[in-house]
Amino acid sequence: YCRSQASGKVISGEEHFSSKKCLAWFYEYAGPDEVVGPEGMEKFCEDIGVEPENIIMLVLAWKLEAESMGFFTKEEWLKGMTSLQCDCTEKLQSKFDFLRSQLNDISSFKNIYRYAFDFAREKDQRSLDIDTAKSMLALLLGRTWPLFSVFYQYLEQSKYRVMNKDQWYNVLEFSRTVHADLSNYDEDGAWPVLLDEFVEWQKVRQAS
């Protein structure tokens with residue numbers, strides 16, 4: 001539902017999408033540079049009732065095809081919100097279940113996971129710094145991958161300071177195909193060294 005500010009009446013959420021209204025909604029958060037930046041984003045999250053680090057914000061950014069974490073451009077906002085048919089806070093809130101459901105769809109999740117790499121990296125870097133990688137992995141795989149906490153510990157003590165795209169993509173593949181006891185891990189497979197070393201490290205721990 002959307003409240004029309006003039007009358008305070010509640011209008012049905014089925015009301016037609018309005019580009020004009022969507023643009024006015026964007027300007028509630030955008031700065032003079034026509035971008036929703038960190039401050040505007042904080043207010044936006046507050047208004048929709050979602051913590052900035054909630055995974056819904058990542059799915060929304062993916063839907064908006066946002067290029068940089070913490071920013072929405074006018075083009076991204078209009079294109080993405082139009083595809084979601086959202087021109088006010090209440091309509092977006094009514095889409096939360098739909099946005100969450102994207103995480104349960106195998107191919108959508110894979111796309112969101114891959115998107116997260118470019119979204120979260122500093123644009124002048126080809127890789128993700130390891131702290132950013134760890135927090136993004138926690139967001140994406142923390143609740144679903146049984147080995148996540150072990151892998152996180154491994155990264156904590158490892159020599160790795162960055163994670164490249166190939167490693168990032170392979171962590172998802174590994175989490176989906178390798179058993180928690182690592183019994184089906186193929187050492188001769190085409191896994192990146194990072195994962196070979198993780199398996200070795202974990203086997204030593206299990207043996208001790």
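Rings of Phe, Tyr and Trp (its six-membered ring) pair if their centres lie within 6.5 Å, and planes under 30 degrees apart count as stacked, over 60 as edge-to-face and the rest as tilted. The model is predicted, so local features need pLDDT of at least 70, side-chain atom pairs count only at pLDDT 80 or more, and totals for chains, interfaces and linings use all residues. Residues are numbered from 1 along each chain as its sequence is written, and side-chain values use heavy atoms, with hydrogens and water left out.

**Exercise 1.** Classify the ring pair of Tyr29 and Trp77, and place both residues in the chain.

*Solution.* The structure holds 25 aromatic pairs. In this one the ring centres of Tyr29 and Trp77 are 6.2 Å apart and the planes stand at 40°, so the pair is tilted. Tyr29 sits in the loop between α1 (19–27) and β3 (35–36), whereas Trp77 belongs to helix α4 (residues 74–84), 48 residues apart, so that the pair links distant parts of the chain; helices (H or I, at least four residues) and strands (E, at least two) are DSSP runs, numbered from the N terminus. Tyr29 and Trp77 are both buried, meaning under 20% relative accessible area with a 1.4 Å probe, protein chains only.

**Exercise 2.** Classify the ring pair of Tyr154 and Trp201, and find the cluster that holds these residues.

*Solution.* The centres lie 5.5 Å apart with the planes of Tyr154 and Trp201 at 55°, so this pair is tilted. Tyr154 is in helix α9 (residues 148–157) and Trp201 in helix α11 (residues 193–207), and both residues are buried. Ring pairs join Tyr154 and Trp201 in a cluster with Trp145, Phe151, Phe174, Tyr185, Trp191 and Phe198.

Terms used: Buried means under 20% relative accessible area, exposed over 50%, partly exposed in between (1.4 Å probe, protein chains only).
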